[in-house]
Amino acid sequence: MKINVGVSQRHVHLTKEVFNQLFDEALTKKYDLHQIGEFASHQVVNIRGKKDTLLKARVVGPFREYNQVEVAMSDAYLLGLRPPVRDSGDLKNSEKITLIGPKGEITLENACILSIPHVHMNFDQAHSLGLKNHQKVRIKMTKEKSGILDAYVKVSDNGFFELHVDRDDANAFLLNSGDEVEMVVEDDKNGMENH
């Protein structure tokens with residue numbers, strides 16, 4: 001079946017408490033994201049790892065119950081980090097990273113990851129497709145650079161049917177947001193191991 005691609009740039013999810021340590025202003029929406037209720041904000045932080053390199057990352061709203069920084073591996077090289085490939089919210093033993101905002105800076109333990117490629121969908125879509133949360137699917141690219149990528153199903157109330165990959169994965173297959181790829185469901189329904 002066909003599915004559209006959403007390319008994720010580096011970004012941060014913050015608790016209200018940490019946001020208030022970095023900004024002396026409200027979190028304000030710049031534009032809506034496809035995942036219902038989520039938005040890219042006007043607020044941007046600098047992120048710093050083990051090197052002095054600073055990279056900008058946009059804050060994604062609304063506030064969450066945990067702090068998470070999602071980067072691509074090319075970003076991680078510049079920051080001097082080696083983040084694990086994880087599902088959102090799976091932060092145990094992830095990388096330490098420093099966030100710098102206009103009000104101050106804060107260093108977060110276990111906060112930086114590489115996001116595993118995943119397919120968002122809501123519960124009705126998952127049911128109609130016979131898919132389960134964390135089930136592995138295969139993504140086939142047939143454009144100028146063809147190939148196959150493993151991804152995992154992510155079911156939520158606000159799920160918008162879309163494949164999410166980071167900028168490095170997109171570049172590897174010459175993909176842009178809005179491109180169409182093929183999702184293949186195989187017999188293996190064991191779900192996401194070790195994630």
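A salt bridge is taken here as a side-chain nitrogen of Lys or Arg within 4 Å of a carboxyl oxygen of Asp or Glu. I worked throughout on a predicted model.

**Entry 1. Salt bridges**

I applied this rule to the model and obtained a count of eight salt bridges. I then looked up three pairs in turn.

I began with Arg 138 and Asp 150, whose closest N and O atoms are 2.9 Å apart. Arg 138 belongs to strand β11 and Asp 150 to strand β12, so that the pair, 12 residues apart, links distant parts of the chain. I checked accessibility for both partners. Arg 138 is partly exposed at 28% relative accessibility, and Asp 150 is likewise partly exposed, at 30%.

I next examined Arg 64 and Glu 38, whose side chains form a salt bridge with an N to O distance of 3.6 Å. Here too the pair links distant parts of the chain, 26 residues apart: Arg 64 sits in the loop between β5 and β6, and Glu 38 in the loop between β3 and β4. Is Glu 38 buried or exposed? Glu 38 has a relative accessible area of 18% and therefore counts as buried, the cut-off being under 20%. Arg 64, at 22%, is partly exposed.

The third pair I looked up was Asp 90 with Arg 86, a salt bridge of 3.7 Å from N to O. I recorded Arg 86 as buried because its relative accessibility is 14%. Asp 90 has a relative accessible area of 24% and is partly exposed.

**Entry 2. The barrel**

I followed the strand order and found that six strands close into a barrel, β1-β13-β10-β12-β11-β14, with mixed pairing. Direction ignored, neighbouring strands of this sheet are turned by 40° against each other on average.

I looked more closely at β11 and β12, the strands that carry Arg 138 and Asp 150. How do β11 and β12 run, parallel or antiparallel? Residues 136–141 (β11) and residues 147–155 (β12) run antiparallel and are joined by six bridges. Within this pairing, Val 137 stands opposite Ala 151 of β12.

**Entry 3. The largest pocket**

I noted a volume of about 720 Å³ for the largest pocket. Its lining comprises 31 residues, and those nearest the centre are Ser 8, His 11, Leu 33, Glu 38 and His 164. I recognised Glu 38 from the salt bridge with Arg 64.

Which strand gives the most to this lining? I found that β1 does, with four residues. Strands that each supply at least two residues include β1, β10 and β13, which I had already placed in the barrel. Others supplying at least two are β2, β3 and β5. By character, I sorted the lining into seven nonpolar, 16 polar and eight charged residues.

**Entry 4. The second largest pocket**

I recorded a volume of about 170 Å³ for the second largest pocket. Of its 16 lining residues, Ser 8, Gln 9, Arg 10, Asp 166 and Arg 167 lie closest to the centre. The elements that give two or more residues are α2 (73–79) and β13. I noted that β13 gives the most, with three residues. The lining divides into four nonpolar, seven polar and five charged residues.

Comparing the entries, I found Ser 8 among the residues nearest the centre of the largest pocket and among those closest to the centre of the second largest. Strand β13 contributes at least two residues to the lining of the largest pocket and three to that of the second largest.

Notes. Residues numbered from 1 in each chain as written. Predicted model: local features only at pLDDT ≥ 70, side-chain atom pairs only at ≥ 80, totals over all residues. Heavy atoms only, no water. 1 Å grid on protein atoms, 1.4 Å probe; cavity = no way out; pocket = protein on both sides within 12 Å on 5 of 7 lines; lining within 4 Å. Points joined across faces, edges and corners; volume = space filled by probe spheres on them. Nonpolar A, V, L, I, M, F, W, Y, C, P; charged D, E, K, R; others polar. Pairing = 2+ DSSP bridges. Axes fitted to C-alpha atoms, helices over the stretch in contact; angles between N-to-C directions. Buried < 20%, exposed > 50% of the residue type's maximum accessible area, 1.4 Å probe, protein only.
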